[in-house]
Amino acid sequence: MRAGFILSEVWSGLRKNVSMVLSVVLVTFVSLLFVGAAILLQMQVGQMKDYWYDRVQVSVFLCPPDSEATNCVEGEATDTQKKNIEDQLNSSELAPYVDEVYFEDKGEAFEHFQDQFKGTSLEGTVPEDEMNESFRVKLQDAEKYDIIKESFSSTQGVEEVVDQNQLLDRLFSVLNIATVVAVAIAGIMLLCAMLLIATTIRLSAFSRRRETGIMRLVGASNTFIQLPFLLEGVIASAIGATMSAGALGLLVHFGVSGWLEGQATGFSLISGVNVLIVAPILIAIGVIMAGASSLITLNKYTKV
């Protein structure tokens, strides 16, 4: 009997405040959509870091003809200089940091350049004899790039030491900034949702103040009186959270797995599994947010 009465009161409150309930659903949907997007974006950054940091290399570029670098005053790197650099890379001092060393000659460098810029205005602009030879170094720990750079910064025959981590760090910095922006917007929207839920519960309690007064007179407890109002806010917020999880699922399925995966080959991208992980988090946030906001409002406006 009590459960039936509470459910009937919840349905009555939802039906009488349709416009406000829809507002709560939509605001919760938008705010948690930003929260979910921020979580998924951080998951993507984490996957990309795990994927690329295991594959990045440090490139020790050797002096080409006519280089103006400090270490290239003698002109193009000689065979002796190449042998000294190779011996240094394979030395016992760098052995704890270097995993693998590969030498790329001018022919291979030219082929890679042509493949990379095929169909662009840069294709064919650099002749093969002007390409940089290089040693491609895979590190045991990609974050120990500075050790290689310091070891060869003043070595004759070395024009430049380039770490692919620098390019990746810039990309990840941009993605992290996007995450912060999404979290900031989500925070503002969540605050708006909490205020709207509080207003909705307050109006619902005010419209049924006569019924709650009678329930007080017949000895009903605070929990029994407040529970229908609490459930109204929780249900509306849970619907909005479920909608946001569904929207993220569609976005990942059609946008990431469908379109982006074909455009960004070689990247480790998030999938529907990540959305399944995020969905319960969003619903939990929505329920807790609505429950906390409703309880604060009810404790203030349902007292007799």
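1. Let's start with a definition: rings of Phe, Tyr and Trp (for Trp, its six-membered ring) count as a pair if their centres lie within 6.5 Å. By that rule, the structure holds one aromatic pair. Keep in mind as you look around that this is a predicted model.

2. So what does that pair look like? The partners are F103 and F135, with ring centres 5.0 Å apart and planes at 55°. Planes under 30 degrees apart would count as stacked and over 60 as edge-to-face, so this pair is tilted. F103 sits in strand β2 and F135 in strand β3, so the two rings tie together parts that are 32 residues apart in sequence. Their surroundings are worth a look too: F103 is partly exposed, at 32% relative accessible area, while F135 is buried, at 2%.

3. Stay with those strands for a moment, since a salt bridge turns up there as well. E104 pairs with R136, and the closest N and O atoms are 2.8 Å apart. E104 belongs to strand β2 (residues 98-104) and R136 to strand β3 (residues 134-139), so this contact ties together parts that are 32 residues apart in sequence. Buried or exposed, you may ask, for E104? E104 counts as buried, with 4% relative accessibility. R136 counts as buried too, at 17%.

4. How many salt bridges does a search of the whole structure find? It finds five. One of them joins E76 and K106, whose closest N and O atoms are 2.5 Å apart. This one links distant parts of the chain: E76 is in the loop between β1 (58-62) and α3 (79-89), and K106 is in helix α4 (residues 106-116), 30 residues apart. E76 is partly exposed, with a relative accessible area of 32%. K106, at 16%, falls under the 20% cut-off, so K106 counts as buried.

5. For a salt bridge within a helix, go to α3. D79 and K82 are three residues apart there, so about one helical turn separates them. The closest N and O atoms of D79 and K82 are 3.9 Å apart, and the definition asks for a distance within 4 Å. The two ends contrast: D79 is exposed at 64% relative accessibility, whereas K82 is buried at 16%. There is also a third player, as salt bridges with shared partners join D79, K82 and E133 into one network.

6. Now the cysteines. A search of the whole structure finds one disulfide, formed by C63 and C72, with their sulfur atoms 1.8 Å apart. The link of C63 and C72 is left-handed, with -80° about the S-S bond. C63 is buried at 4% relative accessibility, and C72 is buried with a relative accessible area of 2%. Another cysteine to look up is C192, which is partly exposed at 38%.

7. Last stop, helix α5. Which residues of α5 (residues 145-152) are buried? They are Y145, I148 and F152. Look down the axis of α5 and these buried residues fall within an arc of 70°, which means they line one face of the helix.

Conventions: Residues numbered from 1 in each chain as written. Predicted model: local features only at pLDDT ≥ 70, side-chain atom pairs only at ≥ 80, totals over all residues. Heavy atoms only, no water. Buried < 20%, exposed > 50% of the residue type's maximum accessible area, 1.4 Å probe, protein only. Helix = DSSP H or I, 4+ residues; strand = E, 2+ residues; numbered from the N terminus. Arc of directions from axis to C-beta. Salt bridge = Lys/Arg side-chain N within 4 Å of Asp/Glu carboxyl O. Disulfide = S-S within 2.5 Å.
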